[in-house]
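Me: I've got a model open and would like to talk through how its parts pack together. Can you take my questions one by one?

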Amino acid sequence: MKLSLSFLKNYIDIPWDTKKLQDKLIMSGTGVEEVYKPWKGMENLKIGKIMDIEPHPNAENLVICNVDIGDNVKLVTSDRSLNVGDFVIVAPKGTILKNNVEVKENEIRGVVSEGMMCSLEEIGFEEKSTNVYKFPEEMSKDLKPGKSAYELLGLDDTVFELEITPNRPDCLSHIGIAREIKALCGNSLKEINIDIPKEKTIGKDTRDFIEIEIEDPNACPRYTAAYIENVKIGPSPLWLRRHLAAVGIRPINNVVDVTNFVMMELGHPIHAFDYDDIKSKKIVVRKAKDGEKILLLDGKEYELDGSELLITDGEKPLAMAGIMGGELSGIKETTTNILIEVAYFDPPTIRKAAKKHRISTDSSYRFERGVDPNDSEKVIKRVISLILQVAGGKAAKNIYDVYPKRIEPRSIILRKKRVNSILGIDISRDQIETILKALGMEVRTSDENFEVTIPTYRPDVEREIDLIEEIGRIHGHSNVPSIIPSFSIDHGGRNSYQKFRLNIVNLLNSLGYDETMNFSMINPEYLEMWGFQETIPDQKMVYIENPISKEISLMRPSLIYGLFDTLSYNFTRQNRDIKLFEIGRVFERDEKSETKVKETEKLAFIASGRDEKNNYFYKSNVNFYTFKGDLESLLYQMKMNNISFKASELPGLHPTRCAEVFCNNEKIGFLGQVLPEVAEKFDVKTTVFITEIDIQKLFNFYNEIPAYNNIPIYPYVRRDISFLIPRNFESEKILNFIIGFNKELIEKVEIIDYYTGKGIPDTHFSTTFSIYFRSKEKTLTDDEVNEIFENIIDEIQKKFNIKVRM
Amino acid sequence: MDEIERTLEEFEHEIENADNLEAIKVIRVKYLGKKGKVTALMRHLKDLPKEEKPIFGQKVNKLKNSIEEILEKKHEEIIFKEKESKFEKERLDVTLPGARKTLGHRHLISRVLQEIEDVFLTLGYEIVEGPEIETEYYNFDALNTPEWHPARDLHDTFYISTKDGTLLRSHTSPVQVRTMKKSKPPIKIIAPGKVYRKDYDVTHLPMFHQVEGLVVGKGISVAHLKGTLDYFVRSIFGPGRKTRLVPSFFPFTEPSFEVYVSCGICGGKGCKSCGFTGWLEIMGAGMVDPNVFEEVGYDPEEWTGFAFGMGVERIAMLKYNVDDIRLFPRNDVRFLEQF
């Protein structure tokens, strides 16, 4: 909300300068986003009197005015409506007008213009002007050429852009902020004139002109109306335009401007109807009918579903209550008789309708947060008084107030002890009482307790705790001591899963992988691009119902999409040696879950380019085995035993370079080379490997502290053997066979060479196994080892039909 | 010149020209070997008259000693020279960069998350995690934000299904409710995690990270909240940084605060980066609203507590002067590898 400082000063004297006021407001909970002077740059605006008008020698559509602004200036204009003797607003060169337009001394078709004459648009007083502004005749006695127009128009103002939290609708007005200042400094509020001069009333009551019926008093507990006749609709006087301009409200006409002015002043939205459009002379406040339609002031037609509250003439809707008036009953140039509405509506009812139809107006914003139900009389009288002043006419002698559901001020018991125990301070009974009274509350004390009556403009103060907050914010929190709670809980720190996960992060960093954090939302098109849409059924997918854009509309069913996208981003920016990982959740529909979605934490990593980009002795690119090695290094370092791999075909991955990963025979993920044609769709023209592991499953098999093994006493004996292995054979079988051959004496088997190329048929690999023999009881002799070794070779050749490579 | 002197002169000449161990060996044999020149002189001794023997003997012995000494010296000299030339041949340029292992980097958000976690772990907190997809109940209703409360506007929420009332959590606060429903007080937790809001521009991400804190105990007051946040701010931003509690509003805390830290650039005097206020907003906090306690079955007369919630991206941006929040989800390796 925009707060005009000069407007505010009508309601309270402020003992502080602007900076201090800003601090005071902020520290008591009224957010101040910005402080600015809306007419900055216009300080030199002057009142000018046109002394002479002469034609422009070189342009038919221009004239040259000699204007007295103390000195005589020549001003060129295209406005032909000006007359000698008119008083105008002159902007000398250097003036900054609205939208940062700087006035310069311009040569216009050969004649120098020493400034310009302003329209109201140029000083922000109206949306669109067609002519230079001429002061009206009745003002001419106050107008002296050369005097400051900046002062005359009251442009020396400061505006605070306030951020009002949703619990404080009372602060959405100047009087509301004045009340805050009163609570902070103790100054009292100034009276607001709500007098209606007797001579400006007629003999009849408002109820002689209108009948009011509230069908739903829960949704509309109060409806107050006033009738005014013979108003003259026209533009508002300058002071009113100035106030509205300062607080950012577009001027419409004098009657509507008054309703907006009073809303900004007192915080209560007001609606004005053209009385003659209410043919039935009857107001019926009722819920809409399902399918009913209404044309509102924004020119749009809305179809209603029955939950909205309407102001009707008994038949046709006149306005959507508290939100916007109807197009057909609004104030127009021809309006002469008006009906003013000041109502109180149930906040959720207004909010539902505003949300549903996506309308947010100054009115709905206030009603849905809660206005004061008990200020209606004051508000409507203020409106009448101002309308009579700016639009003429005569008011009915009495207003018509229908209040079927009275809202009484609340009463709350406040305990002094509780105040101090929550705020952590020691504040006295007297201090508490002073603060509460300054906040406009009635206080009765008994011993250490208070009975506090809350004004109805404070719907947020409902409980003792709310009063404690009030005391805290007015008293200030700067003197609260700083204490760290001393109690401890049963256990703290990371749990074993959190440690396990952190360990993975650190190990992957050691293996050269950069951690990434990608959006959990992906582009559903990726599924198709990867060919995954067939394997993950669409009904398992978790889509966002109201996404920002399609690119981030599907909750990722796998980490690989986002991770690959990131690889592609980097690859296309000259970063070709890439190792990245991510740990994060993936999502899948699950009707059994409370949230209907199952979330699983996974790890994925991806690599392409050189395996060790900073190592010039080792120039190999990432390949299937180095990549698989990274995964195995991770798993073995974490003492994950019983890891196995099984050749597999998965969409998006190379059909003969893809494996599923198992731990204790449970599938925990996959690993493989990304299909080149998939990679190319993402502009990646290199070999990429990717793996994804379900780390929650993995954790089930994780032992935080593996048992200690004795260090061997006797030396090992090593024997190497190379086999020619067909490409479609799984070497894991040989490894398992050797390890199982003699569990007592064979300690481990390693692969020390893997070769294809010269001398090896292209249907085969040559793989060299290195077998370590060791006994726990003695040093093994060559003979003992050779016997076992030869048996192994024989049996492998027979069992798997595999030849030794000579 | 006698035989002995000639032999020495000859030896000295030869040894002068010897430049490797093999040559020395040859010279040694030539003079001191069984058929060597010195050995021959020794043998000649027995042919001399008796009175000449002692003098000659002495002279030959002296010659032998001299030769041995010179040979030894020369031997060492050559060994030294050979070593020296071997090292020279093996010389490496020690200024050439090492063949480095490539180490990976923590994502800045992950690093800052851990920094924040570690501060609270030293205070004995427990780390609790909750689902990223929540129900309206946990995300709003149980947090004193009923359906038609305007406070719901504070979060523009992504829904999975408005019909089911499932959504992407808009804050980590639902973890408070889940934790309190599951366990009895006292409680001291932090809840880090991803949160989602329908906002995407230079200063907002649709997915970002928060750390929620909740402490419930007997006699917990605003003073405890202040003490905890002071400790946190000094641990993360450095000693000397101040905190300030500014009254604000959140539906699930009462009183509520926005927490500010004194600007590290101007020290609180006011500069461009703090908008000339001297203070930077870092989180929301407050005393747990009694309605929340009632919702989870705690007696608000017996237990009080505080809660806070901070944006990790915000803390990271302040601490590491990151000026564009979109760098975090972009994952450009040229950004990642700076941390």
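Reply: Sure, here come some questions and answers on the interface and the cores, keeping in mind that the model is predicted.

Me: How much area is buried between chain B and chain A?

Reply: The contact draws on 101 residues from chain B and 87 residues from chain A. Carbon and sulfur atoms give 56% of the buried area. The total comes to about 8100 Å².

Me: Which helix gives the most to the side of chain B that touches chain A?

Reply: Some polar background before that: 45 residue pairs are in polar contact between the two chains, counting pairs with both at pLDDT 80 or more. On the chain B side, eight residues come from one helix, spanning residues 222–237. That top contributor is helix α8.

Me: How far apart are the closest N and O atoms in the salt bridge of Arg494(A) with Asp118(B)?

Reply: Across the interface of chain B and chain A, the rule finds 10 salt bridges. Arg494(A) pairs up with Asp118(B), and the cut-off for such a pair is 4 Å. Here the closest N and O atoms sit at 3.1 Å.

Me: Which residues have the most contacts inside the largest nonpolar core?

Reply: That core has 93 residues. Phe232(B), one of the top residues, touches Ile116(B), Val119(B), Phe120(B), Met283(B), Met310(B) and Ile315(B), leaving aside residues up to four places away in sequence. The full set of names is Leu414(A), Met555(A) and Phe232(B).

Me: And how many residues are in the second, separate core?

Reply: Val262(A), Met264(A), Ile270(A) and Ala395(A) are among its members. Its count is 57 residues.

Key
Residues numbered from 1 in each chain as written. Chains lettered and ligands numbered in written order. Predicted model: local features only at pLDDT ≥ 70, side-chain atom pairs only at ≥ 80, totals over all residues. Heavy atoms only, no water. Core = buried A, V, L, I, M, F, W, Y, C linked by side-chain atoms within 4.5 Å. Buried < 20%, exposed > 50% of the residue type's maximum accessible area, 1.4 Å probe, protein only. Contact = heavy atoms within 4.5 Å. Buried area = accessible area lost by both parts, 1.4 Å probe. Salt bridge = Lys/Arg side-chain N within 4 Å of Asp/Glu carboxyl O. Polar contact = N/O pair within 3.5 Å; in protein donor to acceptor, adjacent residues only side chain to side chain. Helix = DSSP H or I, 4+ residues; strand = E, 2+ residues; numbered from the N terminus.
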